[in-house]
Amino acid sequence: MKVPFYGHVRQYQNIKAEIDANMQEVLMSGQYVQGPMLKKFEEELAAYTGAKYAIGVGNGTDALWLTFMALGLGPGDELITNANTFFATAEAIWIAGCTAVLVDCDEKTRCIDPAAVRKAISKRTKSIVPVHLYGQCAPMDEIRKIADEYGLFVIEDNAQAFDARGKNFKIGELSDAVCTSFIIQKNLGTFGDGGAIWTNHQYINDIVRKLRNHGSGKRDVHSPGFNSRLDDLHAGILSAKLKHIAKWSDRRIEIAKKYDAGLKGCDFLDLPNARPGYRHVYHLYEIETKNPADRDVLLAYLNKNDIDAKTHYSIAIHKQEGFPWGKPTRLGLPLTNAEKNASSCISLPMFPELTDEEVAFTIQVVRDWPKNK
Ligand SMILES: Cc1ncc(COP(=O)(O)O)c(C=O)c1O
């Protein structure tokens with residue numbers, strides 16, 4: 001048996017009629033950019049998230065920097081985020097001309113550590129950008145408290161946790177804006193690039209809508225902006241998929257429970273840690289080898305035995321070659337947990353269409369590793 005890492009085609013086949021119908025509708029409408037399907041999807045997204053406004057943009061990275069710009073953040077302003085995130089979070093901070101302050105993650109959940117955030121605050125700090133890593137919400141209640149104390153914006157990087165929730169809060173409830181990515185492999189992903197922002201602030205909505213469209217809200221009237229729009233074909237695919245997302249998240253949670261039970265007792269591993277009461281939607285099922293030296297060996301063994309496991313992310317941002325490339329950056333040292341995470345992480349196959357047999361096979365191969373080392 002070969003266990004793939006992604007299930008994009010399986011997912012398409014399962015809801016082909018719904019996706020094809022929406023694509024046909026767009027193709028026949030003759031309106032492909034900022035057309036009726038985008039409007040419809042934005043309304044559905046706002047309704048789903050409970051936000052007043054949802055704006056589709058070109059990708060998740062643009063969603064972040066467009067939001068930073070809409071908030072007036074720029075050179076000299078420090079934005080605090082995870083050291084252990086996908087590169088794009090820091091990149092978006094730099095694109096907006098701001099300073100990226102990279103801080104450590106929690107020892108267990110790998111989400112941003114509020115104590116590290118607090119320690120890193122300076123006179124220049126303007127915003128916290130917590131990343132809901134691997135599908136689990138950061139402790140937004142604690143982040144909000146810090147933000148209120150220091151008068152900071154909070155912008156959630158929710159690229160990995162669509163449909164997740166905290167214990168007593170929804171994503172978006174305790175922040176100024178939420179940014180997400182719809183790239184193929186995300187929990188809600190299109191067949192290409194896409195992104196969105198949702199917010200309750202009308203001014204963020206108004207500014208981002210103009211910025212994404214060459215600074216124009218009205219034909220022939222412009223101020224400097226960009227081109228970063230969510231195409232209607234992608235909006236149609238996402239609209240079809242949005243109707244299934246809760247069920248898909250439930251299946252991810254079910255698979256995670258199977259992995260948790262099956263891998264319990266593997267003394268060479270640490271398993272993911274979900275905060276009690278949180279809805280962790282397992283964008284990734286991330287395990288860590290207790291001994292960093294084991295990681296590459298275990299990964300190679302899994303791949304050799306037909307399990308397509310990967311790493312997210314094996315080189316922390318501050319360890320990338322050439323870092324920080326002259327970009328304004330500050331490190332909230334120590335970054336011990338983020339570095340352990342990078343050196344030990346392995347993502348096992350995780351997508352809703354994974355079969356129980358594939359999950360059981362993956363568990364067995366992992367469990368057999370000590371005998372085959
Ligand atoms: C945490 C995080 N932030 C930002 C992004 C950027 O999204 P995109 O690739 O759509 O630009 C991604 C994913 O790619 C991500 O995982």
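This is a short dialogue on reading a predicted model, from overall shape down to single residues.

Reader: Where do I start? How many helices and strands does the protein have?

Author: Start with the inventory. The predicted model has 14 helices and 11 strands.

Reader: What radius of gyration does the protein have, and what would a compact globule have?

Author: The general idea is to compare the value with what chain length suggests. For 373 residues, a compact globule would be near 21 Å, and the protein has 21 Å, so the two agree. Along the principal axes, the C-alpha atoms fill a box of roughly 70 × 55 × 40 Å.

Reader: What share of the residues counts as buried?

Author: Buried means under 20% relative accessible area. By that cut-off, 56% of the 373 residues are buried. The accessible surface comes to about 15700 Å². Carbon and sulfur atoms hold 52% of that surface.

Reader: What share of the contacts joins residues 24 or more positions apart?

Author: Take the contacts with a separation of 6 or more. Residues 24 or more positions apart account for 73% of them.

Reader: And charge? How far apart are the mean positions of the positive and negative charges?

Author: Count each sign, then compare the centres. The protein has 46 positive and 46 negative charges, and their mean positions are 1 Å apart.

Reader: Now a single helix. Which residues of H11 are buried?

Author: List them, then check how they sit around the axis. In H11, residues 295-304, the buried ones are Arg295, Leu298, Leu299, Tyr301 and Leu302. They span an arc of only 160° around the axis, so they lie on the same side of H11. The face turned away from that buried side carries the exposed residues Asp296 and Lys304.

Reader: What do the buried residues of H11 pack against?

Author: Strands and helices both. The strands are E8 (269-270), E9 (285-289) and E11 (345-348). The helices are H12 (336-344), H13 (356-367) and H14 (369-372).

Reader: How many residues of H9 are buried?

Author: H9 is mostly covered, with 10 of its 11 residues buried. Among them are Asp232, His234 and Lys241, along with Ile237, Leu238 and Leu242. The cover includes helix H1 (8-14), helix H2 (16-29), helix H3 (36-49) and H10.

Reader: Next, backbone angles. What sign of phi and what kind of peptide bond do most residues show?

Author: Most residues other than glycine have a negative phi, and most peptide bonds are trans. Exceptions deserve a look.

Reader: Which residue has a positive phi just after H11?

Author: Asp306, at about 70°. Asp163 is another case: its phi is positive, about 80°, although it is not a glycine. Asp220 also has a positive phi, near 75°.

Reader: Are Asp163 and Asp220 buried or exposed?

Author: Asp163 has 13% relative accessibility, so Asp163 counts as buried. Asp163 is in the loop between strand E5 (153-157) and strand E6 (177-181). Asp220 has a relative accessible area of 65%, so Asp220 is exposed. The loop of Asp220 runs between helix H8 (202-211) and helix H9 (232-242).

Reader: Where is the peptide bond from Phe323 to Pro324 cis, in terms of the loop that holds Pro324?

Author: Pro324 is in the loop between H11 and E10. Omega of the Phe323 to Pro324 bond is near 5°. A cis bond also joins His312 and Tyr313, with omega about 10°. Tyr313 lies in the loop between H11 and strand E10 (329-331).

Reader: Which residues does Ser249 contact?

Author: Set aside neighbours within four places in sequence. Ser249 then contacts Phe162, Asp163, Arg279 and Val281. Ser249 lies in helix H10 (residues 245-263). At 1% relative accessibility, Ser249 is buried.

Reader: One last residue. Where is Pro130, and is Pro130 buried or exposed?

Author: Pro130 sits in the loop between strand E4 (125-129) and helix H7 (140-150). Its relative accessibility is 0%, so Pro130 counts as buried. Beyond four places in sequence, Pro130 touches residues including Asn82, Ile112, Ile143 and Val154. The C-alpha atoms of Pro130 and Thr89 are 9.5 Å apart, and these residues are 41 positions apart along the chain.

Conventions:
Residues numbered from 1 in each chain as written. Predicted model: local features only at pLDDT ≥ 70, side-chain atom pairs only at ≥ 80, totals over all residues. Heavy atoms only, no water. Helix = DSSP H or I, 4+ residues; strand = E, 2+ residues; numbered from the N terminus. Buried < 20%, exposed > 50% of the residue type's maximum accessible area, 1.4 Å probe, protein only. Contact = heavy atoms within 4.5 Å. Rg over C-alpha atoms; globule rule 2.2 N^0.38 Å. Areas by Shrake-Rupley, 256 points an atom, 1.4 Å probe, with all protein chains shown as cover. Lys, Arg positive; Asp, Glu negative; His and termini not counted. Charge placed at Lys NZ, Arg CZ, Asp CG, Glu CD. Arc of directions from axis to C-beta.
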